[in-house]
Amino acid sequence: MKTVDLKKFELPDAPGVYFFKHGKKILYVGKATSVQDRVKSYFSKDIFVSRGPRIVKMLEEVDRVEYIQTDSVLEALILEANEIKKHQPIYFILFFFLIFQ
């Protein structure tokens, strides 16, 4: 997926939870103060340097982005935790184990 593809998803400049998906499979779940700004940040030119090869690999698999807008960042935090527990997205699990080994 490329930055220009993001426009079709009409991401809000508001708090919420976003889902990187490949087909119906959820690859990653994240929270944001601004879903629009956060998702755009994944598509910067220096993504490999700033985020690393695992993020680049994930982004190559993403074919769509979905979101749930929330009324507050706190609500997004709680929703994110629930969605991660519910879906156990593969890239979130991989990143979690790499960080806490």
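How many aromatic pairs does a search of the whole structure find? The search finds six. The model is predicted.

## Overall layout

The protein has five helices and three strands. Along the sequence they follow the pattern β-β-α-α-α-β-α-α. The chain holds 101 residues, and 38% of them count as buried.

Contacts reach far along the chain. Among contacts in the protein with a separation of 6 or more, 64% come from residues 24 or more positions apart. The exposed surface is about 6500 Å². Carbon and sulfur atoms supply 57% of that surface.

## Aromatic pairs

One of the six aromatic pairs joins Tyr 28 and Tyr 42. The geometry is edge-to-face. The ring centres are 6.4 Å apart, with 65° between the planes. Tyr 28 lies in strand β2 (residues 25–32), and Tyr 42 lies in the loop between α1 (35–41) and α2 (47–51), so the pair ties together parts that are 14 residues apart in sequence.

Both Tyr 28 and Tyr 42 are buried. They also belong to a wider group: ring pairs link Tyr 18, Phe 20, Tyr 28 and Tyr 42 into a cluster.

## Salt bridges between strands

The structure holds three salt bridges. One of them joins the side chains of Lys 21 and Glu 66, at 3.3 Å from N to O. Lys 21 is in strand β1 (residues 16–22) and Glu 66 is in strand β3 (residues 64–69), so this bridge ties together parts that are 45 residues apart in sequence. How exposed are the two partners? Lys 21 is buried, with a relative accessible area of 10%. Glu 66 counts as partly exposed, at 30% relative accessibility.

Glu 66 has another partner. Its side chain meets that of Arg 64 in a salt bridge of 2.9 Å, N to O. Arg 64 is partly exposed, with a relative accessible area of 27%. Together, Lys 21, Arg 64 and Glu 66 are linked in a network of salt bridges.

Arg 64 can also be placed relative to Lys 24. The C-alpha atoms of Lys 24 and Arg 64 are 9.4 Å apart in space, while the residues are 40 apart in sequence. Lys 24 sits in the loop between β1 and β2. Lys 24 is exposed, with a relative accessible area of 77%.

## Helix α3

Helix α3 (residues 53–61) has these buried residues: Ile 55, Met 58 and Leu 59. They cover an arc of only 100° around the axis, which puts them on the same side of α3. The general rule for helices fits here. An α-helix has 3.6 residues a turn, so residues three or four places apart point the same way.

The helix also carries a salt bridge. Lys 57 pairs with Glu 61, and the closest N and O atoms are 3.0 Å apart. The two residues are four apart in helix α3, and about one helical turn separates them. Lys 57 is partly exposed, with a relative accessible area of 45%. Glu 61 is partly exposed too, with a relative accessible area of 25%.

## Glu 83 and Gln 88

Which charged residue is buried yet has no salt bridge? Glu 83 is that residue. The nearest side chain of opposite charge belongs to Lys 86, 4.6 Å away. A salt bridge needs a nitrogen within 4 Å of a carboxyl oxygen, so that pair does not count.

Glu 83 lies in helix α4 (residues 73–87). Leaving aside residues up to four places away in sequence, Glu 83 touches Phe 19, Val 29 and Gln 88.

Gln 88 is found in the loop between α4 and α5 (90–99). Its phi is positive, about 45°, although Gln 88 is not a glycine. In contrast to buried Glu 83, Gln 88 is exposed, with a relative accessible area of 57%.

Notes:
Residues numbered from 1 in each chain as written. Predicted model: local features only at pLDDT ≥ 70, side-chain atom pairs only at ≥ 80, totals over all residues. Heavy atoms only, no water. Buried < 20%, exposed > 50% of the residue type's maximum accessible area, 1.4 Å probe, protein only. Lys, Arg positive; Asp, Glu negative; His and termini not counted. Contact = heavy atoms within 4.5 Å. Arc of directions from axis to C-beta. Areas by Shrake-Rupley, 256 points an atom, 1.4 Å probe, with all protein chains shown as cover. Phe/Tyr/Trp six-rings, centres within 6.5 Å; stacked < 30°, edge-to-face > 60°.
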